[in-house]
Amino acid sequence: MHYVGRWLLWTLALVAAALALLQVWYAAHIWWWRDHPPRETAFMAVRLEEGRAKRPDARLAYTWVPYERISVELKRAMIAAEDARFVEHEGFDWDGIQQALDKNARRGRIVAGGSTITQQLAKNLFLSSQRSYWRKTEEALITLMLESMLDKRRIFELYLNVIELGDGVFGCEAAARRYFGVGAGSLTAEQAARLAAMAPNPRFYEKHPGARGLARKISIILARMPAAELP
């Protein structure tokens with residue numbers, strides 16, 4: 001029994017050390033991304049692997065652009081659509097989470113997540129799309145790191161550049177080129193609202209641009225954009 005107890009303690013210590021090293025790894029990457037663009041995110045790697053399973057020569061469309069070269073209209077649209085309190089909260093929108101829980105309870109299924117832009121960025125940078133309590137815990141820890149190590153403008157700049165906006169399309173520059181033939185800095189209000197409306201399910205909306213409800217979402221985002229507060 002004494003041997004088993006020592007073995008268990010050593011196992012727990014090794015697991016704790018591994019988890020601590022993983023958090024240090026996350027933090028080191030976030031520190032690097034304070035002034036360097038990511039070459040690839042975890043979510044990009046997953047999508048690329050999926051694409052190459054079907055087509056060996058599959059590639060992702062991803063081009064980094066600095067914050068000042070992104071349309072103000074797109075910034076307003078994304079804030080209006082995804083996280084109206086982005087500049088106010090510290091990574092978690094507790095009111096938004098409660099509203100999402102209430103909505104899910106009324107519908108009897110998960111139809112809203114309540115994730116902030118920072119939480120979405122945490123998932124895109126490091127985690128898989130699979131839902132689990134462990135992944136949500138890691139997402140929360142990474143969210144805290146992002147908010148403590150980066151300012152809001154940099155968080156938003158990273159988000160706009162790595163968000164999935166189509167099949168193999170990542171970031172606002174690649175999306176603007178794919179759908180409208182312009183750079184991210186030249187997007188109009190309506191084009192920006194369309195991209196923001198597509199963001200929750202971009203691969204579906206890319207294939208179904210006339211999907212039921214998309215036009216309504218675009219009009220709602222357009223109406224909210226003037227009130228959007230930017231970092």
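Start by selecting Arg-178: at 40% relative accessible area, this residue is partly exposed. Keep in mind as you go that the model on your screen is a predicted one.

**Stop 1: from α8 to α10**

With Arg-178 still highlighted, add Glu-206. The two residues form a salt bridge, and their closest N and O atoms are 2.7 Å apart. Glu-206 has a relative accessibility of 22% and counts as partly exposed, because buried would mean under 20%. Color the helices and you will see the pair linking distant parts of the chain: Arg-178 sits in helix α8 and Glu-206 in helix α10, 28 residues apart.

Next, show the side chains of Arg-47, Glu-50, Glu-164 and Arg-203. Salt bridges with shared partners join these four into one network. Two of these names, Arg-47 and Arg-203, will come back when we visit a pocket.

**Stop 2: along helix α8**

Stay with helix α8, residues 172-180, and pick Glu-173 and Arg-177. Their side chains meet in a salt bridge, at 3.0 Å from N to O. How many residues apart are they in the helix? Four, so about one helical turn separates them. Is Glu-173 buried or exposed? Glu-173 is buried, with a relative accessible area of 8%.

**Stop 3: a bridge between a helix and a loop**

Now select Arg-153 and Glu-68. This is another salt bridge, with 3.2 Å between the closest N and O atoms. Arg-153 belongs to helix α7 (residues 152-162), while Glu-68 is in the loop between β1 (61-62) and α3 (72-82), so the bridge ties together parts that lie 85 residues apart in sequence. The partners can be told apart on an accessibility coloring: Arg-153 is partly exposed at 40% relative accessibility, whereas Glu-68 is exposed at 56%. If you would like to look for others, the structure holds 11 salt bridges.

**Stop 4: the second largest pocket**

Switch to a surface view and find the second largest pocket, which has a volume of about 300 Å³. Its lining is made up of 13 residues, and the ones closest to the pocket centre are Arg-47, Gly-51, Asp-167, Gly-168 and Arg-203. Two elements give two or more residues to this lining: α2 (42-54) and α10 (202-207). Which of them gives the largest share? That is α2, with five residues. Color the lining by residue type and you should find eight charged residues, three nonpolar ones and two polar ones.

**Stop 5: a nonpolar patch on the surface**

Keep the surface on and select Trp-7, Leu-8, Leu-9 and Leu-12. These residues form a nonpolar patch, with about 460 Å² of accessible area together. For a closer look, click on Leu-8, which lies in helix α1 (residues 2-32). Leu-8 counts as partly exposed, with a relative accessibility of 44%.

**Stop 6: a buried isoleucine**

For the last stop, hide the surface and go to Ile-218 in helix α11, residues 214-224. Ile-218 has a relative accessible area of 7%, and because that is under 20%, this residue is buried. Finish by drawing a distance from the C-alpha of Ile-218 to the C-alpha of Ala-192: the two are 9.0 Å apart in space and 26 residues apart in sequence.

Notes: Residues are numbered from 1 along each chain as its sequence is written. This is a predicted model: local features need pLDDT of at least 70, side-chain atom pairs count only at pLDDT 80 or more; totals for chains, interfaces and linings use all residues. Side-chain values use heavy atoms; hydrogens and water are left out. On a 1 Å grid over the protein atoms alone, a cavity is a set of points where a 1.4 Å probe fits but cannot get out, and a pocket is an open set with protein on both sides within 12 Å along at least five of seven lines; lining residues have an atom within 4 Å of a point. Grid points are joined across faces, edges and corners, and a volume is the space filled by probe spheres set on the points. Ala, Val, Leu, Ile, Met, Phe, Trp, Tyr, Cys and Pro count as nonpolar, Asp, Glu, Lys and Arg as charged, and the others, Gly among them, as polar. Patches are made of residues with over 30% relative accessible area and no salt bridge: like charges are joined within 9 Å, nonpolar side chains (Val, Leu, Ile, Met, Phe, Trp, Tyr) within 5 Å. Accessible areas come from the Shrake-Rupley method with a 1.4 Å probe; for residues, only the protein chains shown count as cover. Buried means under 20% relative accessible area, exposed over 50%, partly exposed in between (1.4 Å probe, protein chains only).
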